[in-house]
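Visitor: Could you take me closely through a single part of this model, one where aromatic side chains come together, and then place that part in its wider setting?

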Amino acid sequence: MSEEKWIMNEEEFEREVESLCRWAAGRAGVIVVAPVLGQIALAANEVYLIKRIANLYGKDFDETASCAFISALGGTFVGQSLATLLPFPPLQIPIGMGVTYAVGKAANAWIKDGMPDLNDFADKYKDIFKNTIEEAKSMVDIFKKDPNKDKPLGDENKDFKF
């Protein structure tokens, strides 16, 4: 008996990616307010989000590649992420959620495009990241209600090198 492999169509991929991005964004809202550990856990959350998206596409994707993608987002990502350090949850939570959601959406576009060299195409993914942060601002309540928000996407204590 042969084993059949289930293949998702594009709409199913997009639904699954959206679900992962919302889960990670919801999780970001939970962990971003934890002093010091929150920043490590937030970075880990984003790395594991990218890895899970890549795995959907059948890509063997490690943490190093995820970190390289996040680093390629550059100043926009760093500036938004630094804002989460301010110990003010009404500011931290929506920013952490928005950044995480936008990272996932930009990473999805990159992976879907076949992971082209980021030195040549970083601006495309930076634009997706920036535009998606704006979209995410209206979705904070949706992220807060995600049923998986209390479940980590991976080891949130792991320290990644960007």
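Guide: Phenylalanine 61 and tryptophan 110 are both buried, and this pair is a good place to start in what is a predicted model. Their ring centres lie 5.8 Å apart and their planes stand at 65°, an angle over 60 degrees, so the pair counts as edge-to-face. Phenylalanine 61 belongs to the loop between α2 and α3, whereas tryptophan 110 sits in helix α5 (residues 89-112), so the pair ties together parts of the chain that are 49 residues apart in sequence. Ring pairs extend this arrangement into a cluster made of Phe61, Phe69, Trp110 and Tyr125.

Within that cluster, phenylalanine 69 deserves a separate look. Residues up to four places away in sequence being left out, phenylalanine 69 touches Ile50, Val103, Ala106, Ala107, Trp110, Leu118 and Tyr125. Phe69 is also one of the three residues, with Ile50 and Phe129, that touch the most other members of the largest nonpolar core, a set of 44 residues. Helices α1, α2, α3, α5, α6 and α7 (140-144) each supply at least two residues of this core, and the largest share, 12 residues, comes from α5. As a general matter, nonpolar side chains in soluble globular proteins tend to be buried together.

The contact between two of these helices can be followed residue by residue. On the α3 side Ala68, Phe69 and Ala72 take part, and they meet Leu118, Ala122, Tyr125 and Lys126 of α6. By class, the residues of this contact divide into 6 nonpolar, no polar and 1 charged. The axes of α3 (residues 63-72) and α6 (residues 118-136) come within 9 Å and cross at roughly 65°; since angles of 65 to 115 degrees fall in that class, the two helices are therefore roughly perpendicular to each other.

Serine 66, also in helix α3, brings the account back to the starting pair. The relative accessibility of serine 66 is 0%, so this residue counts as buried. Apart from neighbours within four places in sequence, serine 66 is in contact with Val47, Ile50, Lys51 and Phe61, and among these are Phe61 of the aromatic cluster and Ile50 of the nonpolar core.

Between α5 and α6 there is a loop that holds methionine 115. This residue has a positive phi of about 55° although it is not a glycine, and with a relative accessibility of 26% methionine 115 counts as partly exposed.

The cluster does not account for every aromatic contact of interest, the count for the model being 5 aromatic pairs. One of them joins phenylalanine 13 and tyrosine 57, which are stacked, with 4.7 Å from centre to centre and 10° between the planes. This pair too links distant parts of the chain, for phenylalanine 13 lies in helix α1 (residues 10-31) and tyrosine 57 in the loop between α2 (37-56) and α3, 44 residues apart. Phenylalanine 13 is buried, with a relative accessible area of 16%, while tyrosine 57, at 22%, is partly exposed.

As for the wider setting, the chain has 7 helices and 0 strands, and buried residues make up 46% of its 162 residues. Of the contacts with a separation of 6 or more, 76% are between residues 24 or more positions apart.

Technical notes. Residues are numbered from 1 along each chain as its sequence is written. This is a predicted model: local features need pLDDT of at least 70, side-chain atom pairs count only at pLDDT 80 or more; totals for chains, interfaces and linings use all residues. Side-chain values use heavy atoms; hydrogens and water are left out. Axes are lines fitted to C-alpha atoms, for helices over the stretch in contact, and angles run from 0 to 180 degrees between N-to-C directions. Helices (H or I, at least four residues) and strands (E, at least two) are DSSP runs, numbered from the N terminus. Angles under 35 degrees count as roughly parallel, over 145 as roughly antiparallel, 65 to 115 as roughly perpendicular and the rest as oblique. Contact means heavy atoms within 4.5 Å. Ala, Val, Leu, Ile, Met, Phe, Trp, Tyr, Cys and Pro count as nonpolar, Asp, Glu, Lys and Arg as charged, and the others, Gly among them, as polar. Rings of Phe, Tyr and Trp (its six-membered ring) pair if their centres lie within 6.5 Å; planes under 30 degrees apart count as stacked, over 60 as edge-to-face and the rest as tilted. Buried means under 20% relative accessible area, exposed over 50%, partly exposed in between (1.4 Å probe, protein chains only). A nonpolar core is a set of buried Ala, Val, Leu, Ile, Met, Phe, Trp, Tyr and Cys residues joined through side-chain atoms within 4.5 Å.
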